[in-house]
Amino acid sequence: MHVCVWTKSLNGCLMFIFGAQTTILEAKDDDAAGSSRRSFGAEAMTTRDNVVSSRLSKLMLNNATSSSTTSTATTQNGQTPASMVQSPTSPGEQSELNQLKRDADPQFSRFADYFVICGLDLDTGLEPDRFAGDNLHCSPLDRAYKSKPLAHYPEHVAWNPFDAHGICMLSLPQGLRFRTQKHNIEPRFHSFATTREDGKRCYGFSLVFYEEIRNRNICGAIHTLQSMFITELSNGQQTHSLSRVKQDGPVSRSLPRHFKVAGQAPQSAQSYYDINKDKLYVAKSISLICQAPYAFAAQIFLKNLYRCLPRQPGAGISLESYVYNILYEVMLPQPGKSIRVYLPPTEPHMAAIALILQRPLLATELPLLDFPLRLLFKYLGVECVIQLLTCVLLENQVLLRSTDYQRLMIVGECITSLLFPFVWPHVYAPILPAALHHFLDAPVPFVMGLHAGCEAAHKIGSEAALCFVDIDKKLIQLPEEMPVFPHKQDFMAEISSVLDKFEIERDRDQEPSLKNGYAGRGGSVGGGGGVDAMISSCTLPTGLQAARRSKERFQQLQETVYTLSGPGQSPGGGPVDYQPLTAHPSKIDHVPRIADFLRRKGGIRGTQGGSPVGSPTVSLSSSPVGVYHDVDAVDATMPVPRRTEKPKLSVVEQYYQDLRINNSVREVFLNRFVHMFHAYEYFVIYPNQAKDEWLSNRETLQNFDKSSFLSDQPEHHRAFLSRFLESQMFATLIDNKILSMWESLPDEQLQLFDHRVKLLRRRHGENMICATSYEPCVLSQDSQQGFEKRLNCIDIEVTPPSEILSNRAAYFRSFPLLEKGVLNQECASRSHP
């Protein structure tokens, strides 16, 4: 798979790599292009050794005692007392595990490739960040200065060469900034993603914090720069003003508008540094560079490692011990397996935090997504997410804006994960550093994120092909002539139902209501241009029609039998899932209503042979028709359950719950694509030539019968489908389908998608051509079982961190450089024969 598909459409273009982000841009003779042409590694991925994989699968530990001990000793914040942490494996198992680590390809087994420290180099002093543009019109505290990698461990990784410039740009995307005690200097975590030359994404995780500057030369330099800045503005030599600061209120005649009276404008006081009164702080970051996006584990590691910095003599182990553990001892789980790791605690004297990392089995489960979809819907709402998804599917330019870098990353990763089985093939930079804002001029599809504080974020026009999303304000600016996503209102209603089951807090103003079993047909906000096209569908009644015939509707519900998971069958107390046993396609739309009804009430009360309340199997047809004449009447007769406050989840428990939410929501999105393209393979035009000949000519060949496919689709869906069939994402899926004829191991995402299509056709018959009614997802429970099994039965447990230094420093005033000797290679003392 290639990263950029529009090379031939641009003249004089070149491969442009910043950090590890591969894009194509017009060549410019400047230092930025030359110094940014780097990559995290160009070596292609190779498969694991089969023997090592087999041995990993066989290394199953007896977790009965270990799991019970850990769960009993775990406190509310997910930490375990030091006395309860024991060696998880016997000497023989530990020896086998160490041998396995030595035999396995470290490129695919290590959790992290590098641990990096970036910040101010006191040896070189202050240097302006020339890649951030001209910022002389800003106060010295608002300017960006050049940051450097102060240290990285290990020195070199064969499959991932260290890129100093790229990592600095993304670890400190705003450059090196100075602050005083008047600013908010709390540590901030963010993730970033890059794309290598082979198309594989790499992930970075950075914690940015501020340390006090005690170097008099640096303090004097900032003071001098500020004096020069004020003098120039006072003399009228600088005409620029900072548009980000409000212009109302009294101002001083001797100072520019930016420096207002402190009592009236607190922002002005933050921009002024008094060398005699203020403390000066400078930004620094610690980062992990990883192959797999285990964002939560990386966040806990970096935040708690910073908290474990010994600022006074006391108990605890060295920073090097924690870093060594994450670099060399923590392994990635195999597909379909799980592993328990131990991360730094919140306080140095406490024991390490136990966390389970799991990896889905790609043959039957969706790929790993460690970023919480819960936050995506909390930030944007259901309506905005569907609009954004539509823009991405149609390969528009998508620009995200927020004051929080992690929000940019969460929205970018979550929205691209919802594309499955399709993959975003174009420029992807959810965090665009200030040095690369000129990337926005590229005339190609992209998904990029800008910090709200940068000037480029305030100069966004109304381009016809641009989708602009302000995450903080929950606003979306859509491109012109956007088609409506098929079954949009019913799709939104199903998503809302899943979110409600997990009690996800969000803005519900734009969500349709599930009235009488159908999505309310309100107006579409932003991109729909009025009422959803499904109102005119002949296959579904409108909400008004259904409301007038409540008795008839209830009789229709009685014709369907559903099996629901009881309290004992839902691991971890998850939501109720439904599995239809017999259901006509025209009546499957009642499933959300039934599921919500039974979940709230605990069962159906009947007078003749009804199932007991709480029974996992409820037969609606077993109740006599005359018992209840209206579904709403049923609601009124049921007792109102007493509201009990749910116990607050710990951060680790919330992480596991987020993974459950991710699975349920993603299954809903996958179900939509399965229904939309369940007959796609009948319209694939398979070649009658050899593989090599087809590969050389595939750009000129027609591989999919678009017109015939569209002729079988509902007319109100064709506007969206006709544009999506022209996308590179769909073309890649068809290419992979054709290549599967010759390859023994077809694309894994395509295999899973085809398997789901077969399950759908098995339910409705092989002659199923077009589904005109909306059918909700019914397979979330099956896919959830694998996750719960991995969570309850750990395959491998990593040894908790232990001291590796003979002499540990008592305390530090700032985050120090670590001992290279113990972090550049695996210590012989840590290996067991």
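Which residue of β23 does R340 stand opposite? In this predicted model, R340 stands opposite E797 of β23, and this pair offers a starting point for describing the sheet to which β23 belongs. The sheet is open and consists of three strands in the order β10-β9-β23, with pairing that is mixed in sense. Its edge strands are β10, which covers residues 353-358, and β23, which covers residues 796-797, and each of these pairs on one side only. Between β9, made up of residues 338-343, and β23, the pairing is parallel and extends over two bridges. Helix α9, formed by residues 295-307, packs on this sheet, where the helix touches both β9 and β10, and its direction makes an angle of about 155° with that of β10.

A second group of strands can be described around β7, which runs from residue 201 to residue 212 and is mostly covered, with 11 of its 12 residues buried. Strand β6, comprising residues 188-195, pairs with β7 in the antiparallel sense over eight bridges, and within this pairing F192 stands opposite G204 of β7. The hairpin of β6 and β7 has five residues between the strands, and in this hairpin G199 takes a positive phi near 90°. Strand β7 also pairs with β8, which spans residues 280-290, and this pairing is likewise antiparallel, over 10 bridges. Here Y210 has A283 in β8 as its bridge partner. In a regular strand, side chains alternate between the two faces of the sheet.

Key. Residues are numbered from 1 along each chain as its sequence is written. This is a predicted model: local features need pLDDT of at least 70, side-chain atom pairs count only at pLDDT 80 or more; totals for chains, interfaces and linings use all residues. Side-chain values use heavy atoms; hydrogens and water are left out. Two strands pair if DSSP finds at least two bridges between them. Helices (H or I, at least four residues) and strands (E, at least two) are DSSP runs, numbered from the N terminus. Contact means heavy atoms within 4.5 Å. Axes are lines fitted to C-alpha atoms, for helices over the stretch in contact, and angles run from 0 to 180 degrees between N-to-C directions. Buried means under 20% relative accessible area, exposed over 50%, partly exposed in between (1.4 Å probe, protein chains only).
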